[in-house]
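I opened this notebook to record what I looked up, one entry at a time. I began with burial, then went on to aromatic rings and to a pair of strands.

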Amino acid sequence: MVAPPHGQVIIRDDVLQGFAVRVTRGSISYIAECRVQGVNRRITIGRHGKWTPESARKEARRLLGLMAAGQDPMQEKKRSNPASITLGQAFEEYMSSKQFRKNSILSFNRVMAQSLGDWLSKPVTKITKNMVEERFTELSSGSKWGTSGKANANLTMQVLRAVLNYISLKYEVNGEGAHAEDH
């Protein structure tokens with residue numbers, strides 16, 4: 001088979017609908033393709049050589065079965081990969097994990113939005129000890145209302161620590177970036 005000079009060529013299997021080989025200039029890969037809940041989903045199984053046609057076809061059957069049942073393997077993979085979970089997603093999971101009092105909900109949401117709003121789209125594994133210490137120092141240095149800011153800094157760190165500990169335990173994240181230090 002001759003690789004295309006640019007782009008890709010997809011060669012579909014005659015027997016298993018949704019199974020194909022994708023050929024690009026640099027690689028040959030096996031894929032499974034199907035509509036899931038109205039969205040066309042193409043999943044790379046793996047490169048030719050690392051996967052035999054038989055093993056790739058078997059994996060394609062499994063993936064196509066999941067997709068036919070309405071499950072999106074890409075979404076499942078994202079949910080099970082702690083490196084892809086943002087602080088905002090972690091906070092949502094934490095807040096939905098148990099019942100909180102109304103004032104706690106309001107307070108936690110305010111802290112996340114005002115004190116950690118710029119971190120909400122950041123993956124939890126990218127939040128380092130140094131970042132946490134710098135944010136604590138910044139928040140403790142005083143507020144625009146003339147207060148010391150220490151109460152807000154402490155509350156922010158308590159909420160952050162609770163969220164990171166929850167996600168760390170739920171997904172068994174064992175990296176330095178997944179844990180907040182006590183202040």
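Before looking at any side chain, I wrote down that a residue counts as buried when its relative accessible area is under 20%. I also noted that the model is predicted.

Entry on burial. I looked up phenylalanine 108 and found a relative accessibility of 15%, so I entered this residue as buried. For phenylalanine 100 the relative accessible area is 17%, and therefore I listed it as buried too. Tyrosine 94 has 9% relative accessibility, which again lies under the cut-off of 20%, so it went down as buried.

Entry on rings. I reminded myself that a pair of aromatic rings is described by the distance of the centres and the angle of the planes. My search of the whole structure gave four aromatic pairs. In one of them, the ring centres of tyrosine 94 and phenylalanine 100 are 5.4 Å apart and the planes stand at 55 degrees, so I called the pair tilted. Phenylalanine 100 also pairs with phenylalanine 108, and because their planes are at 75 degrees, with the centres 5.6 Å apart, I recorded that pair as edge-to-face. Following the ring pairs, I could draw Tyr94, Phe100, Phe108 and Tyr166 as a linked cluster.

Entry on strands. I then turned to β3, which covers residues 28-36, and β4, which covers residues 39-47, and noted that they run antiparallel and are joined by eight bridges. Across this pairing, I found serine 29 of β3 opposite arginine 47 of β4. The two strands make a hairpin with two residues between them, and in the turn I noted that glutamine 37 has a positive phi of about 50 degrees.

Definitions and conventions. Residues are numbered from 1 along each chain as its sequence is written. This is a predicted model: local features need pLDDT of at least 70, side-chain atom pairs count only at pLDDT 80 or more; totals for chains, interfaces and linings use all residues. Side-chain values use heavy atoms; hydrogens and water are left out. Two strands pair if DSSP finds at least two bridges between them. Helices (H or I, at least four residues) and strands (E, at least two) are DSSP runs, numbered from the N terminus. Rings of Phe, Tyr and Trp (its six-membered ring) pair if their centres lie within 6.5 Å; planes under 30 degrees apart count as stacked, over 60 as edge-to-face and the rest as tilted. Buried means under 20% relative accessible area, exposed over 50%, partly exposed in between (1.4 Å probe, protein chains only).
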